[in-house]
Amino acid sequence: MPAPTKTGYADVLIGLQYGDEGKARVVDLLAADYDIVARFNGGVNAGHTIATANGEVRLRQVPSGVLHAHVALYIGSGCVVSLEQLAKEIGMLASLGIDLSGRFSISDRCPVVQPVHIAQDHLHGREIGTTGNGIGPCYADLAARVRDGGRCAFQLRDLASDPAGVIAQMHGAAPWSDHAERSASAKRMHAAWEVVRGFVRDNPLWLTNRVERGARVLFEGAQSVMLDVLHGQQPWVTSSHTLPSYAYVGGDLPCKYHRKTVGVAKAIVSRVGDGPLPGEFGGKRSELYCAGAAREGLTRDEEAAGIDVRALLAGDDEFDLGVALRISSNEYGTGTGRPRRIGRLDLAQLRVTVKQAGVDEIYLNKCDSLAAFSFSRGGTIPLIVGAGGEGDTGCLRLPAFDAVAIPQGADAPVPPELLAFLAMVEDAIGVPLRGAGLGPRRDQMLMMKQPDKD
Ligand code: IMP
């Protein structure tokens, strides 16, 4: 009799703030212990950056386990697919010597982002600062199903059964300025489909069968809990569900395989696009400035030109402090290059988010960025802690540490100010802190001791 196989499980990794928490580097770090890394929501609006010895790898749709050759990659049906961008990403990875054949699968139920969706997003999404990739209109059309007597949503399985007909229908809908533009777009979509089609699976049980046979899955959330279409603050949200339970809808796996939820946060909070950001340095002024800078396409180099970061840090204008932190910690959109709005770490909000999402453990990235506060007046790290803050302000200040004290290497001593900060974070949020990011590379994650393992 064959030995009974051990059933696998799934863990879900999500962002806890406003996206850009550095989820990809944590996925890359943890992926060695999984067999499959899978996406379940969002699409090309996500910008996932992994730092390697040979430079950065920037991903938008391919799951961030890609650098581990043994890991299979899956895009679940809750993701919307931008064909041209995905074909480009596959080509970019091939140019780095990463061959996806045999290890990359896409659900054939993924809705396809159409030219009309991008046009609509450019027209209306500007009001809330979307990434302009047509993601919202694509999800909206999926729910609408039909418009003007015809289908308005198409899945990859529709393309698979009638590529020419479906591409023609998709190109009937968009507002084209001329015929040549329309046929060039259709041609590009045909070419992209030829690249992508070999990865598309028409088996909704693909992931379930693998897990039943023992596969360990890491679901990689895109965006973050605060941007959930239902639970985030409408209208300044993305258009998919970002909570971990959605991994089991959009990721094509029964929820009985769930093991734990891993949250990723960032020690300095950032947000791109409009919407509330409690604790933003410079408040409304920063929000308006960043929106204008995004419209004008201001780059990091342009913003940093002629700026003395240390002088801004030492001043008493919070707006300037935000500019200095953005430049010193390089907070610009991965996909769009937009300058990100910067705020202090909000532990009160994080505590609620952790509870709401059922997070079991967290990683806190960009702790090295906090060293900038050593140049600020008073040399302290400002935090929002809610009730019980100093003098009932809801805020707290902890001593900052010097950048030169940031440990390089696993055995290097950790400055006591950093340890005190991390202990404070763990205590405030109520779940174990597993790692603290001190730089983008794999070896720059300070792993915390786990009492049950060490
Ligand atoms: P959309 O997802 O392009 O519709 O944009 C809606 C909102 O979500 C905007 O505020 C975007 O800036 C934000 N957003 C979408 N994807 C990301 C991401 O990957 N990181 C951070 N913010 C994002």
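# Around the ligand, and out along the sheet

Guide: Around the ligand sit 16 residues, the closest being Asn45, Thr131, Thr238, Val272 and Arg338. Keep in mind that this is a predicted model, where local features need pLDDT of at least 70, side-chain atom pairs count only at pLDDT 80 or more, and totals for chains, interfaces and linings use all residues. Residues are numbered from 1 along each chain as its sequence is written, and side-chain values use heavy atoms, with hydrogens and water left out.

Visitor: What makes a residue count as near a molecule or strand?

Guide: One of its heavy atoms has to lie within 4 Å of it.

Visitor: And what makes the link between the ligand and Thr238 a polar contact?

Guide: A polar contact is a pair of N or O atoms within 3.5 Å; within protein, one must be able to donate a hydrogen and the other to accept it, and residues adjacent in sequence count only if both atoms are side-chain atoms. An N or O atom in the Thr238 side chain is 2.6 Å from a ligand oxygen, so the pair qualifies. Val272 uses a backbone N or O atom, 3.1 Å from an oxygen of the ligand. Gln223 brings a side-chain N or O atom to 3.2 Å from a ligand nitrogen.

Visitor: Which residues does UniProt list for "active site"?

Guide: Asp20 and His48, from an unreviewed entry. UniProt positions are given in the numbering used here, feature names are shortened, and annotations may be inferred rather than shown by experiment.

Visitor: How do you know that they gather at one spot?

Guide: They span 29 residues in sequence, yet no two of their C-alpha atoms are more than 7.9 Å apart, so they do come together.

Visitor: Why is Asp20 called partly exposed?

Guide: Buried means under 20% relative accessible area and exposed over 50%, with partly exposed in between (1.4 Å probe, protein chains only). Asp20 comes out at 22%, so it is partly exposed. Its place is the loop between β1 (9-15) and α1 (23-30). Leaving aside residues up to four places away in sequence, Asp20 touches Lys266, Ser270, Val272 and Arg340 (contact means heavy atoms within 4.5 Å).

Visitor: Is His48 buried or exposed?

Guide: Buried: its relative accessibility is 5%, so it falls under the 20% limit. His48 belongs to strand β3 (residues 48-52). With the four-place exclusion again, its contacts include Lys23, Arg39, Glu220 and Thr334.

Visitor: How do you know that Cys152 is in no disulfide?

Guide: A disulfide is a pair of cysteine sulfur atoms within 2.5 Å. The closest cysteine sulfur to that of Cys152 belongs to Cys138, 9.8 Å away, so there is no bond. Cys367 is in no disulfide either, with the sulfur of Cys395, its nearest, 19 Å away. A search of the whole structure finds zero disulfides.

Visitor: What makes β15 and β18 a pair?

Guide: Two strands pair if DSSP finds at least two bridges between them. Strands (E, at least two residues) and helices (H or I, at least four) are DSSP runs, numbered from the N terminus. Three bridges join β15 (residues 361-365) to β18 in parallel, so they pair. Leu364 has Ala436 in β18 as its bridge partner. On to β19 (residues 445-447): three bridges join β18 to it, antiparallel.

Visitor: Why is β19 called an edge strand?

Guide: The open sheet has ten strands in the order β9-β6-β5-β2-β10-β1-β11-β15-β18-β19, with mixed pairing. β9 (200-201) and β19 are its edges, as each pairs on one side only.
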